[in-house]
Amino acid sequence: MCELNDLDECYRVAEELVLHAGKIIEDGIGSKKDVKSKEVDWDLVTEYDRKIEDKLIKQLSIQFPSHKFIGEETAAKEGCLPQLTNDPTWIIDPIDGTTNFVHRFPHTCISLALLVNKKIEIGIIYNPLMRQFFSARRHCGAFLNGKPIKTSGVKDMSQSLVAIEPWLARDPQYLNVYSRMHALIQKTHGIRTLGTAALTLCYVAMGAVEAYHIEGIEAWDVAAGKLIIEEAGGIVIDTAGGELDIMTPRVIAACNEQIAQQLVNLIKKPTPRYSIKT
């Protein structure tokens with residue numbers, strides 16, 4: 001078990017490593033990349049993803065040899081998702097928004113979280129291209145570049161800006177994205193899409209958007225951002241309205257409970273059927 005002093009050291013080491021890893025993204029954004037697809041042709045990976053994850057795991061292992069790791073590229077290589085235990089576990093997304101990174105779109109980030117007894121204790125998300133360093137410690141608040149951040153105070157969906165990822169509809173099991181997007185267009189100030197779950201969660205935390213809805217993602221997309229939002233005064237729940245399962249996340253992230261519940265109710269409504277032409 002990690003004591004408070006241990007968590008202080010964990011945070012210090014993690015911050016230093018993530019800032020250093022950000023230089024890899026800075027150096028690689030304008031370079032030619034070796035781009036490959038994973039299980040589907042839009043889920044991209046580059047040599048930079050692997051380099052950052054390998055470096056983070058190696059350095060964290062040296063500092064904390066008893067800790068465990070759940071990393072996006074390691075899980076892809078091994079073909080399975082490791083089980084989350086009560087042991088101190090780092091959850092790593094080396095580059096969230098790899099497609100953005102490949103296209104030189106500057107919304108891309110490193111996401112790192114530490115869980116102890118299955119509770120998120122540390123969350124760090126860093127976009128080196130825009131110099132945005134988001135961080136949180138449980139019960140200690142959320143920060144952007146060292147300054148406290150808070151979620152929006154808006155409580156009516158009609159006054160909200162909501163983020164969603166329409167590209168997920170390329171997978172037939174997520175065709176409901178179309179109807180949900182249509183409903184959000186009708187009932188909000190507008191919708192936004194960034195192509196990176198981790199960074200969008202931070203935008204909820206800083207009050208730039210009121211809510212974010214996404215399914216079809218993994219623990220490494222959400223773990224750090226969940227803590228950052230909660231420490232900023234927001235809420236992260238399952239699409240159906242219950243507690244979020246961090247290992248199979250279906251996410252509604254919102255600035256407060258009122259917006260979260262309005263979004264849950266909107267999603268629960270029957271939706272028209274769509275089909276994809278092949």
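In which helix does E72 lie? In this predicted model, E72 belongs to helix 3, which spans residues 72–78. E72 has a relative accessibility of 12%. Buried means under 20%, so E72 counts as buried.

E72 is one of four positions annotated together. The UniProt annotation "binding site", taken from an unreviewed entry, covers E72, I95, D96 and D221. In sequence these positions are spread over 150 residues. In space they cluster, and the largest C-alpha distance among them is 9.7 Å.

D221 was examined in greater detail. This residue sits in helix 7, which covers residues 219–231. The relative accessible area of D221 is 8%. D221 is therefore buried under the 20% cut-off. Its contacts, with neighbours within four places in sequence left aside, are D93, D96, A197, A198 and L201. D96 in this list also carries the "binding site" annotation. A polar link was found as well: the side chain of D221 reaches the backbone nitrogen of E218 at 2.8 Å.

The domain arrangement was considered next. The chain divides into domain 1, residues 4–148, and domain 2, residues 157–268. Their C-alpha centres are 21 Å apart. Domain 1 contributes 42 residues to the contact, and domain 2 contributes 26 residues.

The interface was then described by area and by polar pairing. Domain 1 and domain 2 bury about 2,500 Å² between them. Of this area, 73% is on carbon and sulfur atoms. Zero salt bridges are found across the interface of domain 1 and domain 2. Polar contacts do occur there: eight residue pairs qualify, with both residues at pLDDT 80 or more.

On the side of domain 1 that touches domain 2, several elements give two or more residues. Helix 3 is among them, and this is the helix that holds E72. The strands in this group are strand 3 (68–71), strand 4 (89–96), strand 5 (109–116), strand 6 (119–127), strand 7 (132–137) and strand 8 (142–144). Strand 6 supplies the largest share, seven residues.

Definitions and conventions. Residues are numbered from 1 along each chain as its sequence is written. This is a predicted model: local features need pLDDT of at least 70, side-chain atom pairs count only at pLDDT 80 or more; totals for chains, interfaces and linings use all residues. Side-chain values use heavy atoms; hydrogens and water are left out. UniProt positions are given in the numbering used here, feature names are shortened, and annotations may be inferred rather than shown by experiment. Helices (H or I, at least four residues) and strands (E, at least two) are DSSP runs, numbered from the N terminus. Buried means under 20% relative accessible area, exposed over 50%, partly exposed in between (1.4 Å probe, protein chains only). Contact means heavy atoms within 4.5 Å. A polar contact is a pair of N or O atoms within 3.5 Å; within protein, one must be able to donate a hydrogen and the other to accept it, and residues adjacent in sequence count only if both atoms are side-chain atoms. Domain bounds come from an automatic or database domain assignment. Buried area is the accessible area (1.4 Å probe) that two parts lose on being put together, summed over both. A salt bridge is a side-chain nitrogen of Lys or Arg within 4 Å of a carboxyl oxygen of Asp or Glu.
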